[in-house]
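Here are a few exercises to work through with the model open beside you. Try each task before reading its solution.

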Amino acid sequence: LENDFTDIDNSLEELEELVIAAGGLVISKIVQKKENINPTYFIGKGKAEEIKLACEELDITTIVFNDELSGAQLRNLEKLIDKKIIDRTNLILDIFANRATSKEGKLQVKLAQLKYRLPRLVGFRDYLSREGGGIGTRGPGEQKLEIDRRHILREINNIERQLKEIEENRNIKRQKRLNSNLPIIALVGYTNSGKSTLLNTIVKSDSEKGDNREVFVKDMLFATLDTSLRRGSLPNGQNFLITDTVGFVSKLPTHLIEAFKGTLEEVKYADLLLHVVDASNKDLDIQIETTLDILKDLEVLDKPIITVFNKIDKVGNSNIFYSNNLIGDKVFISAKEGTNLSKLMKMIEEGIPYEYKYVLLKIP
Ligand code: GDP
């Protein structure tokens, strides 16, 4: 009903990629153009019945909505269609839950899931009281709801406490890192743009130092969930630290943005940002905008930024159309094939703030 994408097909295509990333297979796509949201079913009741029929005919087990639904809507649909109903937020949370590897990442996703569930318990009550239809069923339903609610609140509290501890630890580590006097480069950009691949390529020459572990790369959305920090060196001998960030995605659930703020804060301590863009993606303008919006929220747009158009092996740089309101310098590369990497390294050398160069000159 409301979309960041100019084209509904693109948005549905992205949703399909998300479903695949979650391990599903898309059998059928249905669009309803409607002025207003139906408060009971989100879509119209007739449409919901049509979906029910399609599920029976095509042996479909799950229905995924491209928006966030209320608890009542989820329950009502589940009751009418008699299949598992998932909304976009729930789907993204599910993918993040599967991808989280660090303790902090796992806790952050768990927290976001609990916060998503809390207001949706109300829908559960609606469903129960209608189901039973009698006074007797209402009691246990509400009691169970209250127990669930209290249980979730306790868990939220518990996780928030653990996250606070981890954050304090991170601050200590960050201080150490800042004291190391090495410039910090942060990779930012839309999910799947090639940040992990570029990170691996940039630090590869340094791997003999033994402190680099290959960053997990996968042709799936959200392969990068946790931040990781590696050391690299430039052709001029300057050492640097480089960090990856969580991949951005449009319509990221608010709880997740909240949950990942801590991790994204690493960007605030960077000296130089590499904004990686998948040049072969036809939505690159929207993706650039989404990323710049998040960087603006983080108040980091005043840092030096290099826009890195990646995957030019797929398109060639003459075929790339992008809006002209980009900030900073740009370069066209292929992280996979190594095209123009030396040019990028040169630009990084130039982009690193002056005080680090001074340190380099003083200590040959
Ligand atoms: P991230 O989510 O931004 O960290 O993206 P990844 O580094 O995981 O890359 C996503 C996918 O794009 C992977 O399948 C990579 O192999 C692929 N990829 C990355 N860089 C290039 C490139 O320069 N050219 C091509 N053709 N594919 C690339």
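**Exercise 1. Find out what covers the buried residues of α8.**

Start with the cover: it includes β3, β4, β5 (239-244), β6, β7 and α12, where contact means heavy atoms within 4.5 Å. Helices (H or I, at least four residues) and strands (E, at least two) are DSSP runs, numbered from the N terminus.

Next, pick out the residues underneath. Lys195, Ser196, Leu198, Leu199, Asn200, Ile202 and Val203 are the buried ones in α8. Buried is under 20% relative accessible area, exposed is over 50%, and partly exposed is in between (1.4 Å probe, protein chains only).

Now put that together: seven of the 10 residues of α8 are buried, so the helix is largely enclosed by the rest of the structure.

Before going on, a word on the ground rules. This is a predicted model, so local features need pLDDT of at least 70 and side-chain atom pairs count only at pLDDT 80 or more, while totals for chains, interfaces and linings use all residues. Residues are numbered from 1 along each chain as its sequence is written, and side-chain values use heavy atoms, with hydrogens and water left out.

**Exercise 2. Describe how α8 and α12 meet.**

Look at the axes: those of α8 (residues 195-204) and α12 come within 12 Å and cross at roughly 80°. Axes here are lines fitted to C-alpha atoms, for helices over the stretch in contact, and angles run from 0 to 180 degrees between N-to-C directions.

That makes α8 roughly perpendicular to α12. For the wording, angles under 35 degrees count as roughly parallel, over 145 as roughly antiparallel, 65 to 115 as roughly perpendicular and the rest as oblique.

Then list the side that each helix brings. Leu198, Thr201 and Ile202 come from α8, and they meet Leu341, Leu344, Met345 and Ile348 of α12. Sorted by class, this contact has six nonpolar residues, one polar and no charged ones. The classes go like this: Ala, Val, Leu, Ile, Met, Phe, Trp, Tyr, Cys and Pro are nonpolar, Asp, Glu, Lys and Arg are charged, and the others, Gly among them, are polar.

**Exercise 3. Work out the strand order of the open sheet and what packs on it.**

Walk across the six strands and you get β4-β5-β3-β6-β7-β8, with mixed pairing. Two strands pair if DSSP finds at least two bridges between them.

Check the ends: β4 (229-233) and β8 (329-332) are the edge strands, each with a single partner, so one side of each has no neighbour in the sheet. On average, neighbouring strands are turned by 25° against each other, direction ignored.

Zoom in on one pair. β7 (residues 305-310) runs parallel to β8, over four bridges, and Ile306 sits opposite Asp329 in β8.

Finally, add the helices. α10 (residues 284-297) packs on the sheet, touching β3 (184-189), β6 (272-278) and β7, and its direction makes about 155° with that of β6. α12 (residues 341-351) lies across β3, β4, β6, β7 and β8, at about 160° to β8.

**Exercise 4. Which residues pair with Glu78, Lys110 and Lys346 in salt bridges?**

The whole structure holds 13 salt bridges, each being a side-chain nitrogen of Lys or Arg within 4 Å of a carboxyl oxygen of Asp or Glu.

Glu78 pairs with Arg75, closest N and O atoms 3.4 Å apart. Both lie in α3 (residues 71-81), three residues apart, about one turn of the helix. Glu78 is partly exposed at 30% relative accessibility, and Arg75 is partly exposed at 26%.

Lys110 meets Glu155 at 3.0 Å, N to O. This pair links distant parts of the chain, with Lys110 in α5 (residues 103-117), Glu155 in α7 (residues 135-179), and their positions 45 residues apart.

Lys346 pairs with Glu349, closest N and O atoms 3.5 Å apart. Lys346 is partly exposed at 47%, whereas Glu349 is buried at 12%.

**Exercise 5. Is Ile43 buried or exposed?**

Locate Ile43 in the loop between α1 (8-21) and α2 (45-58). At 10% relative accessibility, Ile43 is buried. Beyond its neighbours within four places in sequence, Ile43 has contacts that include Phe65 and Leu77.
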